[in-house]
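Student: I should like to learn how the features of a structural model are read. May we take them one at a time?

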Amino acid sequence: AALRVSATAVYASLRVVADPGLVCCLRLDDAGRPRPESATWLPSAGLVPRDIALVGDQLLVANQDSHDIFAFDLDPTTGLPTSETPRRKLSAAARSPVCLVDIDGLP
C-alpha cells in the first residue's frame with residue numbers, strides 16, 4: 001500500500017485481495033488534518049493497487065496484479081478525483097508495476 005499527501009488531500013492505496021483495489025482520498029482542513037467526512041473511495045481500475053503518485057493534476061495508480069497503470073484527474077481546488085473513470089490507461093514497460101516515480105526534469 002502507498003500513502004501520498006498533497007497541499008489539499010491525502011491518498012492511500014488499499015490492496016484488496018480477490019477484489020478490485022481502492023484508493024481512499026481525504027480532503028485536508030486548513031490545519032492540514034484529514035477530514036474523515038470527506039472520504040472518497042476510488043476504484044483503482046485494476047487489481048492490487050501497489051503504488052500511487054501525484055503528477056500535476058493527476059493521480060497515477062499502479063495495479064500490480066492486473067499489470068496496468070491508470071491516470072485519474074484531480075480537482076485542482078479540492079484535490080479529490082473528478083471521476084471514478086480514469087482519464088487514460090498508461091502502458092507499463094514491465095509486468096506487475098510496484099513503484100511509480102515522476103522523472104520529468106531529470107537529466
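Tutor: Two strands are said to pair if DSSP finds at least two bridges between them. The elements themselves are DSSP runs, helices (H or I) needing at least four residues and strands (E) at least two, numbered from the N terminus. In this structure, strand β2 (residues 9–14) and β3 run antiparallel and are joined by six bridges. Within this pairing, S13 has V23 in β3 as its bridge partner. Please note that the model is predicted: local features need pLDDT of at least 70, side-chain atom pairs count only at pLDDT 80 or more, and totals for chains, interfaces and linings use all residues. Residues are numbered from 1 along each chain as its sequence is written, and side-chain values use heavy atoms, with hydrogens and water left out.

Student: What is the order of the four strands in the open sheet?

Tutor: The order is β1-β2-β3-β4, and the pairing is antiparallel. β1 (3–5) and β4 stand at the edges with a single partner strand each, so one side of each has no neighbour in the sheet. From one strand to the next, the twist averages 20 degrees; here axes are lines fitted to C-alpha atoms, for helices over the stretch in contact, and angles run from 0 to 180 degrees between N-to-C directions.

Student: How is a salt bridge recognised, and how many are there by this rule?

Tutor: The rule asks for a side-chain nitrogen of Lys or Arg within 4 Å of a carboxyl oxygen of Asp or Glu. The count comes to four. One of them joins R4 to D51, with the closest N and O atoms 2.5 Å apart. This pair links distant parts of the chain, as R4 is in strand β1 and D51 in strand β5, 47 residues apart.

Student: Are R4 and D51 buried or exposed?

Tutor: Buried means under 20% relative accessible area, exposed over 50%, and partly exposed in between (1.4 Å probe, protein chains only). At 30%, R4 is partly exposed, whereas D51 is buried at 5%. Another salt bridge is formed by R33 and D29, with closest N and O atoms 3.1 Å apart; R33 is exposed at 52% and D29 partly exposed at 23%. The side chains of R87 and D73 also meet in a salt bridge, at 2.9 Å from N to O. R87 lies in the loop between β7 and β8 (88–90) and D73 in strand β7, 14 residues apart.

Student: How many disulfides does a search of the whole structure find?

Tutor: A disulfide is a pair of cysteine sulfur atoms within 2.5 Å, and the search finds zero.

Student: Why is C24 without a bond to the closest cysteine sulfur?

Tutor: The closest cysteine sulfur, in C25, is too far for a bond, because it is 6.5 Å from the sulfur of C24. C99 is likewise in no disulfide, as the nearest cysteine sulfur, that of C25, is 19 Å away. C24 is buried at 12% relative accessibility, while C99 is exposed at 53%.

Student: What should one look for in the backbone angle phi?

Tutor: Most residues other than glycine have a negative phi. V48, however, has a positive phi near 60 degrees. V48 is found in the loop between β4 (40–47) and β5 (49–55) and is buried, with 12% relative accessible area. H67 also has a positive phi, of about 60 degrees, although it is not a glycine. H67 lies in the loop between β6 (58–63) and β7 (68–73) and is partly exposed at 28%.
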